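The following paragraphs lead through a protein model with a bound ligand, taking the ligand contacts first and two helices afterwards. Please keep the structure in view while reading.

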Amino acid sequence: MSPDLVADEVEAYAAAHTTPPAEHLRALALQTRATLSSPGMLTGDVEGRFLEFLVFMSRPRLVLEIGTFSGYSALSMAAALDPIADARIVSCELSDEHADVAERHIAAAGMADRIEVRRGPALETIDGLDGPFDLVFIDADKTGYLDYYEAVLPKLSRDGLIVVDNVLWSGRVAGPPSAEDSDSTAALRTFNEHVTADERVVNVMLTVRDGITLARRA
Ligand SMILES: C[S@@+](CC[C@H](N)C(=O)[O-])C[C@H]1O[C@@H](n2cnc3c(N)ncnc32)[C@H](O)[C@@H]1O
């Protein structure tokens, strides 16, 4: 979703002054926009690099992604996975169409041994995983965010990081609640209040792209 939180020319300037994405990511973005509905769901260049930096800095062994779509964020993060630590990503995806596209690009990028796409409802997948998760990227259905957060927090490693996308939802959450609010807007508002009030974590909400929250154990 194009957030319109930052002026387009400023977003474009930031993207132009960020190391360009690798060729396989560029091809993935092009194909996603050409073939899949809701291409705006794609994480994109700057946020992809940001996720890669988070992996580079935190050196996770096990990354959990909730919401694969065509695989852009998973492949972005995989670029910085520590080969020595045998680090890997488990990515949850409900749509077979999206999972098919993602798996094709993951295989083409030679990352099939590092990224596993688990098909089905993410809550069921999380339930079947022991963790500990060193990094969790939440980027699926917005009405599920609170349940995902509560499901992954007990399985987060001591120094683990939770990264949550679209928490500003084009700024809609910052306005006064209204009867016109979509379920996603209302759910994100509730989620943001919940995380902010949660004494189990320390969090920061970044005005990067559509809003990214980082949370770690307190
Ligand atoms: C915003 S997109 C993810 C974008 C992706 N991270 C990227 O970088 O391109 C959200 C994805 O979550 C998937 N999804 C929605 N509800 C889900 C659920 N309950 N369990 C797993 N995946 C779900 C959708 O099919 C969609 O592919």
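A polar contact is here a pair of N or O atoms within 3.5 Å. In this predicted model, a polar side-chain atom of Asp-139 meets that criterion, lying 2.8 Å from a nitrogen atom of the ligand. Tyr-148 contributes a side-chain N or O atom at 3.1 Å from a ligand nitrogen, and Gly-67 places a backbone N or O atom 2.9 Å from a nitrogen atom of the ligand. Taken alone, the ligand exposes 610 Å², of which the protein buries 90%. The ligand is surrounded by 22 residues, and Thr-43, Ser-73, Glu-93, His-98 and Asp-139 come nearest. Helix 4 and strand 2 each supply at least two residues of this shell.

His-98 also belongs to the buried residues of helix 5, together with Ala-99, Val-101, Ala-102, His-105 and Ile-106. These residues lie on the same side of helix 5, because they cover an arc of only 165 degrees around the axis. Their cover includes helix 2, helix 4, strand 2 and strand 3. At the start of helix 5, a side-chain oxygen of Ser-95 comes to within 3.2 Å of the backbone nitrogen of Glu-97; just after the helix, Gly-110 adopts a positive phi of about 70 degrees.

Tyr-148 leads in turn to helix 7, where Tyr-145, Tyr-148, Tyr-149 and Val-152 are buried. An arc of only 100 degrees around the axis holds these residues, which means that they share the same side of helix 7. Among the elements covering them are strand 1, helix 6, strand 4 and helix 8.

How values were computed:
Residues numbered from 1 in each chain as written. Predicted model: local features only at pLDDT ≥ 70, side-chain atom pairs only at ≥ 80, totals over all residues. Heavy atoms only, no water. Buried < 20%, exposed > 50% of the residue type's maximum accessible area, 1.4 Å probe, protein only. Helix = DSSP H or I, 4+ residues; strand = E, 2+ residues; numbered from the N terminus. Arc of directions from axis to C-beta. Contact = heavy atoms within 4.5 Å. Polar contact = N/O pair within 3.5 Å; in protein donor to acceptor, adjacent residues only side chain to side chain. Near = heavy atom within 4 Å. Areas by Shrake-Rupley, 256 points an atom, 1.4 Å probe, with all protein chains shown as cover.
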